[in-house]
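Thanks for making time this morning. I will go through the salt bridges in this structure, so please have the sequence and the model up.

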Amino acid sequence: MSDTILKCTTRHVRIFTAVLKNDDLVVDNGHLTLDIDPDNEFVWSDQSIKKVQDYFRDLVDAQANNDLTDYSLRKIGSLLEDFIRKLLKEGELSYNPNSRVMNYSMGLP
């Protein structure tokens, strides 16, 4: 088992082969940790967060019989980015007017 964290970092999604312990990431190749919208660019409802988490689980489950690689993790991250864009376009998310940066990264509202 490797002591290297595999990770995918996109604008709105961070995925790590690690667990969070005492505010530190600890390598754990048996777990994936998902950090959604770390910059708080969007206003999230519990339902929209659950949709992203459920989609993440579906993507991970579909990958279960394959080796987890940087490429496969980046693919999951990219598909989650597309899913978040879809939620924004459908009005299930909105931009956070109190975000530290207002750059409309997913397009104008």
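For this talk, a salt bridge is a side-chain nitrogen of Lys or Arg within 4 Å of a carboxyl oxygen of Asp or Glu. Keep in mind that the model is predicted.

Start with D54 and R57, whose side chains come to 3.5 Å, N to O. That distance is within 4 Å, so the pair counts as a salt bridge. Both residues sit in helix α1, which runs over residues 46–63. They are three residues apart, about one turn of the helix. As for exposure, D54 has a relative accessibility of 27% and is partly exposed. R57 is partly exposed too, at 46%.

How many salt bridges are there by this rule? The count is eight.

Another of them is formed by D39 and R11, at 3.3 Å, N to O. This pair links distant parts of the chain, with the two positions 28 residues apart in numbering. D39 is in the loop between β5 (33–36) and β6 (42–43). R11 is in the loop between β1 (7–9) and β2 (13–16). Are these two side chains buried or exposed? D39 is partly exposed, with a relative accessible area of 22%, and R11 is partly exposed with 32%.

Next, E90 and K86 form a salt bridge at 3.7 Å, N to O. E90 is partly exposed at 47%, and K86 is partly exposed at 40%.

Last, the network. Salt bridges with shared partners join R11, D39, E41 and R100 into one network, so the D39 and R11 pair belongs to that group.

Notes. Residues numbered from 1 in each chain as written. Predicted model: local features only at pLDDT ≥ 70, side-chain atom pairs only at ≥ 80, totals over all residues. Heavy atoms only, no water. Helix = DSSP H or I, 4+ residues; strand = E, 2+ residues; numbered from the N terminus. Buried < 20%, exposed > 50% of the residue type's maximum accessible area, 1.4 Å probe, protein only.
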